[in-house]
Structures are given as structure tokens and as C-alpha cells.
Amino acid sequence: MGIEQVGTLGIILGVISQFWPVWLALAIVLVLSVMFKRRLGLYGQLFDSGVGIAGVMICLFWLFTAIFADTVAPFAPLQQFPLLKDAMPGSIEPGSGKIFLFGGDKLARDVFSRMVHGSRIVLVIAPAATLFALMVGTTLGLPAGYYGGRIDTVLSFLANLVLAFPVILLFYLLVTPGIMDTAIPYWMAGIFFIFPIIFFCTLFYTRFRRRPQLLAVQLALTILIGGWIYAGLVFNADPLGIISIRPNELNIFVAVVFASSPGVFRIVRGLVMDIKTRDYVAAAQTRGENPWYIMLWEILPNARGPLIVDVCLRIGYTTILLGTLGYFGLGLAPESPDWGTGIKESSRLLRLYIHPALPPVLALMSFVLGLNLLADALREQSLKD
Amino acid sequence: MLTFILRRLGVMALTMLCLTLVVFYMVNLEPNLTKLALSQMDMRATRADQEAWLERNGYREPFLIRYGQWIGVVKKQPIINPETGQATARFSFCADPAEPKYSGILQGDFGCSTKFKVPVGNKLFPALGATGILMLWVMVVMVPVSLLIGVLAGMREGTRTDRSLSVTAIATTATPEYVSGVIFTVIFASWLGWLNGSAATATREGPSFYNFTLPVMTMAIYGIGYIARMTRASMVEVMTQQYIRTARLKGLSFPAVVIKHALRNALIAPFTVIMLQFPWLLTGVVIVEVMFRYQGFGYTLVEAAGNNDIDLLLGCSLVSVFVVLVTQLVSDIGYALLNPRIRVK
């Protein structure tokens with residue numbers, strides 16, 4: 001029994017029409033951003049350059065794809081149609097009449113739907129891991145740069161220790177099925193995830209120390225929300241059952257945070273060492289401010305420009321790391337639709353079929369490219385001031 | 001300068017000690033030892049048999065003593081077979097000491113590879129040689145291309161050449177090896193059929209243009225963008241200096257200014273960046289060698305990690321950490337030598 005096909009034009013039109021919620025959302029954001037460009041500060045300035053617009057649009061495209069994945073993807077990521085094993089792009093699935101836009105893979109799943117659903121995994125883990133790495137790196141980098149001396153020596157030595165590890169070796173040691181039987185991932189998660197709580201508590205305490213009522217509310221909220229997330233992530237014991245994470249996901253999450261926090265640490269430390277020589281820091285010191293107040297409320301806000309750029313680049317780098325993990329089959333489940341796993345699956349059969357390999361490859365590349373373009377445009381803008 | 005190098009060497013030794021201790025701990029975790037025991041015995045071996053095997057072969061000695069034995073500062077004890085009273089080797093394919101003696105990394109004994117069934121040294125060093133050839137060609141391609149792109153872009157800041165070259169550089173940094181590898185294989189091996197999509201023949205018959213171009217290209221492309229951007233930034237900065245303006249004003253042609261005055265000063269910063277690329281290249285080597293089936297260091301590392309080959313994995317980590325630290329040291333010293341304004345304290 002032959003399978004009906006649609007032509008190249010049909011595939012292109014099909015892809016464009018499948019993405020309709022994404023186009024709609026992009027159009028709304030674009031129109032609103034251009035209308036209120038002047039009032040949007042740094043974000044609005046991005047729309048002055050072609051590179052900036054391209055970066056923002058690519059990033060938003062994947063963001064909206066991840067949000068609307070269920071609508072965009074015609075099939076479920078794990079749904080198999082035995083008839084369409086290794087089907088060519090444009091094959092029509094006889095049962096539902098829907099099209100396998102980018103063909104089927106060797107397990108007869110729709111490549112297009114897997115790519116779309118894969119964006120969900122990537123766009124949750126990569127930014128979240130980057131934010132945690134940012135918290136860890138900032139909390140340790142601020143005192144290292146500000147105080148210098150012994151604390152700096154010790155922390156820098158530890159950071160260099162991690163940086164001297166080739167990333168791939170780190171992953172092979174940290175993300176193996178065996179290690180999930182031990183307590184190491186939980187220990188590391190326990191240490192890393194406490195940093196955001198410490199960070200925000202110190203942040204509020206140093207600022208509102210003299211207004212106990214406000215401070216009490218803020219600290220209570222931080223500890224409540226932070227503790228709730230902490231319990232859910234580390235002990236998998238969220239009382240409400242909303243936040244949960246599978247052991248293998250926690251494992252890769254921790255490994256990625258571990259691999260990228262020393263980089264943040266070095267950048268923050270360098271920025272702090274530069275900024276602490278400024279006059280306003282000297283003024284704050286003369287006023288007798290608490291050192292942590294100076295670090296968090298005088299130095300950190302003035303380091304935000306380079307840090308924002310770095311976060312953009314780092315999310316891209318984390319995406320690449322995540323792809324590497326998927327490519328070596330570490331951590332993520334073998335049937336997971338994320339892009340790295342997709343590349344691993346399909347690159348082995350590249351001599352026979354090329355169509356399952358290209359969608360995840362191009363998806364990963366375009367997302368990282370979008371982030372890099374965004375970072376470049378942000379850097380240009382911050383240099384202008 | 002000498003004290004600086006000595007201090008750095010001291011820190012380096014400390015770093016290696018810490019890192020190998022961590023790796024040693026990780027590869028000797030309980031699940032890994034169980035896997036090793038299972039792989040060396042019958043699959044149906046009971047828990048007690050595994051325990052007995054681990055006990056007999058010295059895997060249950062105190063952790064620090066075993067680490068000391070691996071390094072070569074504690075004497076390795078022979079394994080006595082209780083039935084015959086003779087010293088026996090743990091593995092049939094490589095020798096264990098018959099009387100207590102120092103036999104570790106410091107004495108040049110890397111241990112036994114359980115996956116390849118040879119002493120680690122016999123596997124690791126040929127693999128390093130193979131990777132060395134790959135790295136050499138990657139450097140030969142990557143360094144001139146990236147410097148050329150960087151200099152051309154930074155020569156006249158803000159022109160169309162600059163913009164398009166910068167975007168190209170950004171695009172290559174957004175393309176990790178497993179992405180560019182797939183794209184290049186599809187284009188050059190599947191569609192055009194010009195190049196071989198596998199470098200497996202390079203291991204046996206030596207590298208040729210046909211089987212080696214794709215791996216080299218794939219690895220070079222990821223590094224090119226980064227080095228090019230650093231070169232561009234450095235070039236842009238140099239081009240705004242007073243002495244460049246002086247050279248222009250005294251009537252030198254633009255190419256002469258760039259080649260004679262700007263280039264030398266603009267290439268100091270990229271030197272450091274190129275040296276610091278090695279850790280990244282190490283990851284790239286692993287991906288590319290697995291993807292193109294080239295039997296070098298990366299391939300060995302993946303096989304060792306995948307099969308829980310403890311001694312081989314330790315050897316691999318030692319080598320890679322050593323490479324990273326040495327390149328850091330060389331880049332610092334080289335930077336100081338190249339730039340007379342930097343005085344090392």
C-alpha cells in the first residue's frame with residue numbers, strides 16, 4: 001500500500017500554517033514593541049538594529065513554540081505509526097489525514113512534532129540552569145572580588161579546579177545511571193539550590209534592615225517560596241505536589257549548573273574588582289554601610305550590563321551543553337524528544353536517511369544563534385551609553 | 001619570572017592532585033565497582049561472589065591507600081591466590097607486581113584497561129598520537145582562517161565587510177560540533193559525495209584528504225568564530241591608537257600600516273585565546289571522534305567511561321587535566337613574553 005505524499009510547496013505551506021499561534025504571538029509582540037519602543041528602555045533599543053530584531057524574534061519564536069507546543073505539533077512526541085517508519089517528508093498519515101511534515105524517524109514517530117516538543121525541554125532546562133548558575137556565581141563572586149585576600153584565593157582555586165575539568169569528562173562522571181543510586185546529586189542539588197535563598201535573604205536584609213515590618217514580610221515570603229521550591233526540587237517532597245523533578249532531570253540540571261557557575265563567578269569577580277574602585281563605592285564605605293549592602297545594592301546594579309550579555313550567551317552555551325548530554329545519551333531518557341537526543345538518534349543513520357537529522361540540528365543552531373545575536377545587540381547598545 | 005613559574009607549577013601540582021582525587025573517588029563509587037565486578041565475572045555471579053572478587057583484588061582496601069598506590073607513593077601489594085600461595089595477576093592480560101613495590105603513575109604504570117584488555121599505556125599513548133595528528137590539522141586550518149577573518153573585520157570598523165564577517169563569526173560560535181558535523185556530512189558526503197562521512201579508515205591507512213577533511217572542518221568551525229571575534233576586538237582597539245594615525249599621516253599606504261604596524265600588536269590577545277581554546281578543543285575532540293569513528297583520545301575516553309574501565313578513565317582524566325593546565329601556564333608565560341608592558345609579579 002503506497003503512502004500519499006505532498007510536494008515541497010505543500011510541506012512549506014504546512015509548516016507555516018502549523019506555526020500559526022507562534023506567528024500571531026510574534027506579530028502582537030512586534031507591533032506592541034515597536035509602538036512603545038521609546039518607553040521600553042534597553043529592550044526597546046534592541047529594535048534599532050537589524051541584528052537586535054533578528055535576535056529577539058528568533059528567541060521569541062522558540063519561546064512561543066515551546067509555550068504552544070501542544071497546538072503546533074500535530075502528533076504526540078512518542079506516538080508511533082508503524083506504516084510511516086522512515087517515511088519521507090510530506091507523507092500523509094492515513095488514519096488522521098495529517099501530514100508528517102518532516103517525515104518519520106526509525107521508530108516511526110513524527111520528526112516535526114518531536115522537534116516542537118523538544119523545544120519545551122530545552123527552553124525549560126537551559127534558562128533555569130543558567131539562572132541558578134548566575135545565583136551561585138554571583139553570591140560567591142561578590143565577596144571574592146570585594147574582599148580579595150584569602151577568601152578570593154580559596155574560591156578562585158575552586159573555580160579553576162572545575163574549569164580545568166574538560167566538560168565532557170565532568171558529564172561522564174556526574175551524569176551516569178550509577179550515580180543516581182548514590183546521594184551525590186542530591187548533595188550537590190542541596191548545596192546549589194540554597195544559594196538563591198541566601199541571595200534574596202541577604203538582598204532584602206541589607207536594604208530593609210531598619211524597617212523590620214517590611215523586612216519580616218519579605219524574608220517570610222522568600223523563605224516560604226524558596227523553601228517550597230527547594231523541598232520540591234531536592235527532596236522531591238513538595239507538599240502541594242506541583243513542583244517535582246525526576247532523578248535523571250535533577251542529575252543533568254545539577255551537572256549543568258556545576259559546569260557553568262565557575263564561569264559566572266569569574267566574570268562577577270572581575271566586574272566587582274573593577275567597580276569597587278569607583279567613587280560611589282568609596283562614598284558608601286565612608287557612610288559606614290554594611291559591606292554586603294555595598295556589594296548587592298551599589299556594585300551589582302552597576303555590573304548589570306555585562307551580566308545581561310553574559311546571561312544571553314550562557315543560555316546559548318547551556319543549550320549546547322544540554323545537546324552534548326543528549327548526543328552522548330547521558331541523563332536524558334533515550335526516547336526524550338529533546339534536540340540533542342534527536343541528533344544522536346539520527347546521525348547514526350545519516351547514510352540512509354538525512355531527513356530526521358536536519359530538524360533538530362537546525363532548531364538547536366537557530367536558537368543558539370538567536371541568543372548570540374541578542375547578546376551582540378545588547379553589547380552594542382550598552383557600549384553606546 | 002622564575003618564581004612565578006615555580007609558583008604556578010606548584011598550584012598546578014595541587015590542582016592535579018585535587019582533581020585526580022575527585023575522579024578517583026567518582027570512578028570508585030559503589031555502583032561502578034559492582035559493574036566492574038559483574039563485567040569481570042559471570043553475569044549470574046551472586047552478590048557474595050562479587051564481594052569476594054572485589055575483596056580479593058584489593059578494591060576494598062582503604063580509599064586513600066588505594067589512591068596512594070595508584071599515584072605510586074604507597075607500595076602495591078601482590079595478590080596471593082589462597083589455593084596455590086602464588087602471586088596472581090588481577091587480569092590475565094597485564095602483569096601485577098609479584099612482591100610489594102611502588103608501581104603507580106609516578107613510576108609510569110597506568111594500570112590495566114579492562115575494556116581493551118591491554119595495559120593502559122599501550123592504549124592511551126597511541127590514541128593520544130592519533131588525536132595529536134587531528135589537532136595539528138585543526139590548528140593549521142583554524143588559526144590562519146580565524147586570524148584572517150578577525151583582521152579583515154577589525155581593520156575598518158563598522159563597514160559592511162566588518163558587519164557580515166562578524167555575523168558569520170557569531171553563526172559559527174552557535175554551531176557546536178555535533179551540529180556542524182551533521183550538516184557537513186549531509187552536504188559533502190550524502191549529497192555531493194566528495195568526502196567520506198567516516199574517518200575510520202584514517203586510523204588504519206593514515207589520514208587523507210578524503211577521510212580527514214570532514215572531522216577537521218567540523219572541529220575548526222566552532223573555534224573559528226570565537227578567535228575571530230577576539231582578534232577583531234583587539235584589531236579595532238589597535239587601529240584607534242596614536243601611532244597608527246601617525247603612520248597614516250606620514251603617508252604610508254593602508255595595507256602597509258595594517259601589516260607593519262597594526263598586526264603585530266593586534267595578535268597578542270588572540271594568542272592567549274588560542275591557547276585557552278584547548279579545553280574546548282578537548283570536548284570537540286570527543287564529539288568529533290565519536291561522530292566520525294576516529295580512534296583517538298576522545299574515542300578512548302568515551303569507551304572507558306561507557307564501560308566503566310577505571311584505570312583507563314583515570315589515565316584519560318589525568319592526561320586531559322594535564323593538557324588544560326599546561327596550556328594555561330604556557331598562555332600566561334607567552335603573554336608575558338609577547339607583551340613587554342606586562343610584568344609578571
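**Entry 1: the end of α10(B)**

I began just past α10 of chain B, where B:G251 follows the helix with a positive phi, near 100°. This is a predicted model, so I read the angle as a computed one. Then I looked back at the helix itself, α10(B), residues 242-249. Is it buried or in the open? Of its eight residues the number buried is zero, so α10(B) lies largely in the open.

**Entry 2: α13 and α15 of chain B**

Next I stayed in chain B and looked up a helix pair: α13(B), residues 278-291, and α15(B), residues 310-338. Their axes come within 9 Å and cross at roughly 150°. Angles over 145 degrees count as roughly antiparallel, and therefore that is how I noted α13(B) and α15(B).

Which residues meet here? From α13(B) I listed B:F278, B:P279 and B:L282. Facing them in α15(B) are B:S320, B:V323, B:V324 and B:T327. Sorted by class, this contact holds five nonpolar and two polar residues, with no charged ones.

I also kept the helix repeat in mind while reading the numbering: an α-helix has 3.6 residues a turn, so residues three or four places apart point the same way.

**Entry 3: the two domains of chain A**

On to chain A. The domain assignment splits it into domain 1 (8-116 + 355-384) and domain 2 (118-323). Taken over C-alpha atoms, the centres of the two domains are 30 Å apart. Their contact takes 20 residues from domain 1 and 14 residues from domain 2.

I then asked myself which elements give two or more residues to the domain 1 side. They are α4 (50-67), α6 (111-147) and α17 (358-384) of chain A. Of these, α17(A) gives the most, with twelve residues. By class, I wrote down 15 nonpolar, three polar and two charged residues for this side of domain 1.

**Entry 4: chain A against chain B**

Last, I turned to the contact between the chains. How many residues does each chain put in? Chain A gives 34 residues and chain B gives 37 residues.

On the chain A side, the elements with two or more residues are α7 (149-163), α8 (167-174), α15 (304-327), α16 (339-347) and α17. Here I met α17(A) again: the largest share of this side, nine residues, comes from that helix. The chain A side divides into 23 nonpolar, eight polar and three charged residues.

A reminder to myself on α17(A): this helix gives the most to the domain 1 side that touches domain 2, and the largest share of the chain A side that touches chain B.

Notes
Residues are numbered from 1 along each chain as its sequence is written. Chains are lettered from A and ligands numbered from 1 in the order in which they are written. This is a predicted model: local features need pLDDT of at least 70, side-chain atom pairs count only at pLDDT 80 or more; totals for chains, interfaces and linings use all residues. Domain bounds come from an automatic or database domain assignment. Two residues are in contact if their C-beta atoms, placed from the backbone, lie within 7 Å. Helices (H or I, at least four residues) and strands (E, at least two) are DSSP runs, numbered from the N terminus. Ala, Val, Leu, Ile, Met, Phe, Trp, Tyr, Cys and Pro count as nonpolar, Asp, Glu, Lys and Arg as charged, and the others, Gly among them, as polar. Axes are lines fitted to C-alpha atoms, for helices over the stretch in contact, and angles run from 0 to 180 degrees between N-to-C directions. Angles under 35 degrees count as roughly parallel, over 145 as roughly antiparallel, 65 to 115 as roughly perpendicular and the rest as oblique. A residue is buried if 20 or more other C-beta atoms lie within 10 Å of its own, exposed if 12 or fewer, and partly exposed in between; C-beta atoms are placed from the backbone.
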